[in-house]
Structure formats: structure tokens, C-alpha cells
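User: I would like a close look at a single part of this model, the charged side chains that pair along one helix, and then an account of how that part sits within the rest of the chain. Please take it slowly and keep to what the coordinates support.

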Amino acid sequence: KAGIPLGVKKLLDPSQLKPDSMETERILTVLDETIVKLEITRLILGITGSLERYARMLGPEITSRLLEHQKLSMKMQHLLASPGDKKSMRAVEQHLKCSLRDILRVFLANPLLYHGLKYEVRVRESPADVFIKAFMEFRDFTLKRLLTSPEEEKEKIKFMEDISLQAEKNMETISALQEELAAVVQTRDEEVNIKDKTIKNLQTSMEDLAKGCRAEIQQIVKEGEKQQKEDEKASQERCARLKQDVEHLGIQFNALVLEHRASELVLRKEKCKMEREILEWVQKYDRDMTEKQATYEEVQAAYSEEKQQLSVLMEKHALLLQEYSQIEEERRRLQEKEEEAAREEARRNNAATCIQAIWKGYLVRSIYKAILKKSKGRGKGK
């Protein structure tokens, strides 16, 4: 980076390019405004698709303009789908252009609304996005061309030539390094062959070791068979003990079955009693539900009547809510005026307090000076 000329740095880094003349700034301003208009035009389709959602944010004026623009767009689409009178098509096209210019003028006059809608409206990707991106690149390219002087262009060409010479030198260096790499690879292959021979010798040693291990494995198998016979004998003895335990548990099981049959008879009697009680409760439930159904029908009729009254009250509530918002706005304005008056009064009180404090200090100093003069006069007389 230290060897790169300043003009070339500016060309390579667009962030360092800054307008240096009024004409350049005007050209960039026109291009930036065009980009903003393109983005607003892209948002208009998403806004008109959900106009009721954004009506409160847009306000009545912009909403009416967008509705008119939507109607003209639909009319234009209808004319394009069924071509007829070219004169009427040109007239509708002219009205559509005028409507779009008016909408863009309103949005440009209110940049906060545009930025809010930019993050609120979700628009699908379309060819318009590609066009806007290409126009932004055209703007950056135009800025580079406007801010690049002939001297900087010459520096750029010279810098590219120097880079080409450096690339040729680098290619020569790479060729030399490749030759060194080939020599190193050959040396490595020789070392690999030596290691392969060593591995073969080790494999032969391992085969000899495996033959010695087979004899040890046969000895281990014989010992395992002997241990298996001893385990089978112990297992048979254990099975005999478990058979005796099973017989003893069978006797206990029969005793428990007799006991549980007696308790089952008692539970069956209780079950019959519960079934009779459940039947009585079901009959009682049917009677109660019949009474409640009649009550429900009466309540439903009253609810329908109250719902009609509620709709009437809601219409009145909407009117009252509108009046309430106007009253709240007036109250807010009055409160702001009162707060401003209170702040003014507080400033005046603070100013009066400061003036009084200064005046009291001045009086105290005056009295103190007079007392000092008197005391000095008396001292001289003595």
C-alpha cells in the first residue's frame, strides 16, 4: 500500500472519492434522487396491495392519490389486455405518469414517511431490484469518472504496467520454485521406497509372531472347555434349588388366589351399588340439563337483543372516539402552552432569585466596607 500512488488509491477505494465541484455535486444529487424515486416506485405496488393497512400512516391525501393511481393502473392493464383505441390508451398513460409524479413529489417532501415505509413494507424480489442495483453501480461508476483527472488516469495505467512486470517476475520465481519442488518430490519418493521395504520386513516378523500365538490360543481353548464343564455342573445344582423355590411359591400363590376371590365378591357388590347410584345421577343430570337448556334459550334471545343494542352503541362509540381524539389534541396543545408558561415562569423566578442574591451580597459588602472605614477612623484618632 505504501508504494501505491495517491490517485490510484482513490480509484481502487471508492470511499475516498469526494465531489470537488458544484457540477459534480449536482450530477450526483440528480442520480441520488433518481435512485430514491426508483425505490419509492418499487414500494408503491406493495403499498397499494395492502392500502388499508398503511392508510393511517399515509394520511388521507396520499391514500386518495394512491387509490386513484391504483384505478389508473387497473384501467391501463385492461387496455393493454384488450387493445382498442390508441388515443384513449395514450390519455390514460399520460394520466398515470402525472399521478406517479405527484405521488413521488409527496413522498420526497416527506422523507421520514418514505424511510418508515421502506422498513415496514415487504416487497418481493423483482426485476426492478436488479435495475436499481445496476443504477447504483452506474452512479458509482459516474462518480469515479467525474473525479478521475487525466493525471490520475495516467498514474493508474503506469501502476497497472508495474503490476504486470511484477507478475512476470513472480512467474519466473514460481518456475524456479517448481523445479526445486520436483527435486524435493524425487527425494521424498526415494525415502518412501526405503520405508516400504522396512514395512515388508515388519510384516514378515508379524506373521512369525502370529504362528507363535496360535499355540497359546489352543491352550487357552482347552482351559476354557474345562471351565465350561465346571460351570454347567454348578448351573444344574442351582436349577434344582430354583425348582424347589418355584414349588413353594406355587403353594403361596394358591392361598392368595382364594383370598382374592373373597375380596372380589365384596367388590362386585360395591360395583352394583355404584351402578345404581350412577343411574340415579344420570337421570338427575338429564333433568338438570333440560332446565338449563330452557334457561340457555332465554339467555340466547336476550343476548341477540343486547348484540343489536351493542352494534348501535359501537357506532355511537366510533363518533365519540373521533370527538375524543379532537378534544385530546386540544388538551395536549393547551398543556404544552401551560408547560411553556410554567417553564418561562420558572426562568423568571430563577432570574429574580439570582438578582436578589446579587443585590443582597452587594448590600452586605457595602455595610461591611462602611464598618471597616469607621473602625479604621477610630483607630487613627486614638
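Analyst: Glu336 and Arg332 both belong to helix H8, where four residues, or about one turn of the helix, separate them. In this predicted model, their side chains meet in a salt bridge, with N and O at 2.6 Å. Glu336 has a relative accessibility of 41%, so it counts as partly exposed, lying between the 20% limit for buried and the 50% limit for exposed. Further salt bridges, linked through shared partners, join Glu340, Arg343, Glu344, Arg347 and Arg348 into one network.

Arg332 also has a partner on its other side in the sequence, for it forms a salt bridge with Glu329 in which the closest N and O atoms are 2.2 Å apart. Arg332 and Glu329 are three residues apart in helix H8, which means that about one helical turn separates them. Arg332 itself is at 37% relative accessibility and therefore counts as partly exposed, and Glu329, at 29%, likewise counts as partly exposed.

What is the general reason for such pairings? Side chains of opposite charge can pair when their charged atoms come close.

Elsewhere in helix H8, the side chains of Glu264 and Arg268 meet in a salt bridge with an N to O distance of 3.1 Å. Glu264 and Arg268 are four residues apart in this helix, so they too are separated by about one helical turn. Glu264 has a relative accessible area of 37% and is therefore partly exposed. Over the whole structure, the search finds twelve salt bridges, the pairs described above being among them.

Helix H8 covers residues 150-381, and Leu363 is found in it. Together with Trp359, Tyr362, Ile367 and Ile371, Leu363 makes a nonpolar surface patch of about 540 Å². The relative accessibility of Leu363 is 36%, so this residue counts as partly exposed.

Turning to the rest of the chain, there are eight helices and zero strands, and the order along the sequence is α-α-α-α-α-α-α-α. Helix H5 spans residues 86-109, and because each of its 24 residues should add 1.5 Å, with the expected span taken over one less than that number, a length of 34 Å is expected, which agrees with the 35 Å between its end C-alpha atoms. On H5, the buried residues include Met89, Val92, Leu96 and Ser99, and further along Ile103, Leu104, Val106 and Phe107. Helix H4, residues 60-81, has 22 residues and reaches 31 Å from its first C-alpha to its last, close to the 32 Å expected. In H4, the buried positions are Ile62, Thr63, Leu66, His69, Leu72, Met76 and Leu79.

For the chain taken as a whole, buried residues make up 12% of its 382 residues. The accessible surface comes to about 33,000 Å², and 58% of that surface belongs to carbon and sulfur atoms. When contacts between residues at least 6 apart in sequence are considered, 71% join residues at least 24 apart.

A last point concerns cysteine, since the structure holds zero disulfides. Cys98 has a relative accessible area of 30% and is therefore partly exposed, while Cys354, at 47% relative accessibility, also counts as partly exposed.

Conventions. Residues are numbered from 1 along each chain as its sequence is written. This is a predicted model: local features need pLDDT of at least 70, side-chain atom pairs count only at pLDDT 80 or more; totals for chains, interfaces and linings use all residues. Side-chain values use heavy atoms; hydrogens and water are left out. Helices (H or I, at least four residues) and strands (E, at least two) are DSSP runs, numbered from the N terminus. Buried means under 20% relative accessible area, exposed over 50%, partly exposed in between (1.4 Å probe, protein chains only). Contact means heavy atoms within 4.5 Å. Accessible areas come from the Shrake-Rupley method with a 1.4 Å probe; for residues, only the protein chains shown count as cover. A disulfide is a pair of cysteine sulfur atoms within 2.5 Å. Patches are made of residues with over 30% relative accessible area and no salt bridge: like charges are joined within 9 Å, nonpolar side chains (Val, Leu, Ile, Met, Phe, Trp, Tyr) within 5 Å. A salt bridge is a side-chain nitrogen of Lys or Arg within 4 Å of a carboxyl oxygen of Asp or Glu.
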